[in-house]
Amino acid sequence: MRRGSPELIFAALIALLLGSIVWYTQRVVGDLRLEAERFSRMYARIYRALGDTTEAASTQALLGLSRSIVDQGVPVIVTDAQGNPIEIKKPVLCRCGGSTSKPFCDGTHSRIGFQAAEAAIAGSQDRPA
Ligand code: FES
């Protein structure tokens, strides 16, 4: 076979094509594996919450799911008692009682002068809302 023959060029193109298919497949498999891990963690949280029927467990499950969803870049929308949608940018529980999007903090605590345990109790490890 001569150098630069059509067979050699064809074989090189086939090898390049196969190599790119293998590379692409490995990327897709890696992405699917990450996605499966995310879903597994989410399902584990749901099943844990289903097994524990206390209100605190369901709230923790809701927060965990919310954080997981926000971490994936998907906005979390909840509705208030009137059915109005409220976007939750950072799923943190309200501790001051003043939030209009309970159980999530909406920043009202800073306007009403709420002081968390860290400020109220010297030496407390608790962080302000
Ligand atoms: S609004 Fe209540 S803690 Fe932030």
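Here are some numbered notes on this predicted model, to read with the structure open.

1. **How far to trust it.** Start with the confidence score. The chain has a mean pLDDT of 81, and 87% of its residues reach 70 or more. Which element scores lowest? That is helix α4, residues 117–120, with a mean of 58, while helix α1, residues 6–51, has the highest mean at 91. Where pLDDT is low, the predicted coordinates should not be read in detail. Keep that in mind when you get to the last helix.

2. **The parts list.** You should be able to pick out four helices and two strands in the chain. Walking from the N terminus, their order is α-α-β-β-α-α. So how many of the 129 residues are buried? Just 2% count as buried. As for contacts between residues with a separation of 6 or more, 12% of them link residues 24 or more positions apart.

3. **Helix α1.** This helix has 46 residues, and its first and last C-alpha atoms are 66 Å apart, close to the 68 Å you would expect at 1.5 Å a residue. Is α1 tucked away or in the open? The number of buried residues among its 46 is zero, so α1 lies largely in the open.

4. **Helix α2.** You can try the ruler check here too. Helix α2 covers residues 55–71, and its 17 residues should span 24 Å at 1.5 Å a residue; the end C-alpha atoms are 24 Å apart, so the two values agree. Just past α2, look for glycine 73, which takes a positive phi of about 85°.

5. **How α1 and α2 sit together.** Two packed helices are described by the angle between their axes and the distance between the axes. For α1 and α2, the angle is about 170° and the axes are 9 Å apart. Since angles over 145 degrees count as roughly antiparallel, α1 is roughly antiparallel to α2. Which residues meet? From α1 come Arg41, Met42, Arg45, Ile46, Arg48 and Ala49, and from α2 come Ala57, Ser58, Ala61, Gly64, Leu65 and Ser68.

6. **A closer look at alanine 49.** Alanine 49 lies in helix α1. Setting aside neighbours within four places in sequence, alanine 49 is in contact with Ala57, Ser58 and Ala61. Its C-alpha atom is 8.7 Å from that of threonine 59, ten residues away along the chain. Why isn't alanine 49 called buried? It has 18 other C-beta atoms within 10 Å, so it counts as partly exposed; being buried takes 20 or more.

7. **The hairpin.** Now move on to the strands. β1 (residues 76–79) pairs with β2 (residues 85–88) in the antiparallel sense, over four bridges. Two pairs to find are valine 78 with its bridge partner isoleucine 86, and isoleucine 77 with glutamate 87. The two strands form a hairpin with five residues between them, and glycine 83 in the turn has a positive phi of about 90°. In a regular strand the side chains alternate between the two faces of the sheet. Have that idea in mind as you look along each strand.

8. **The loop after the hairpin.** Two residues are worth a stop between β2 and α3. Lysine 90 is in this loop, which leads to α3 at 108–112. Lysine 90 has 12 other C-beta atoms within 10 Å, so it is exposed. Its C-alpha atom lies 9.7 Å from that of leucine 63, although the two residues are 27 apart along the chain. Arginine 95 is also in the loop between β2 and α3. With 16 other C-beta atoms within 10 Å, arginine 95 is partly exposed. Its C-alpha atom is separated by 9.7 Å from that of glutamine 115, and these two are 20 residues apart along the chain.

Notes:
Residues are numbered from 1 along each chain as its sequence is written. This is a predicted model: local features need pLDDT of at least 70, side-chain atom pairs count only at pLDDT 80 or more; totals for chains, interfaces and linings use all residues. pLDDT is the predictor's confidence in each residue, from 0 to 100. The expected span of a helix is 1.5 Å times one less than its number of residues. Two strands pair if DSSP finds at least two bridges between them. Two residues are in contact if their C-beta atoms, placed from the backbone, lie within 7 Å. Axes are lines fitted to C-alpha atoms, for helices over the stretch in contact, and angles run from 0 to 180 degrees between N-to-C directions. Angles under 35 degrees count as roughly parallel, over 145 as roughly antiparallel, 65 to 115 as roughly perpendicular and the rest as oblique.
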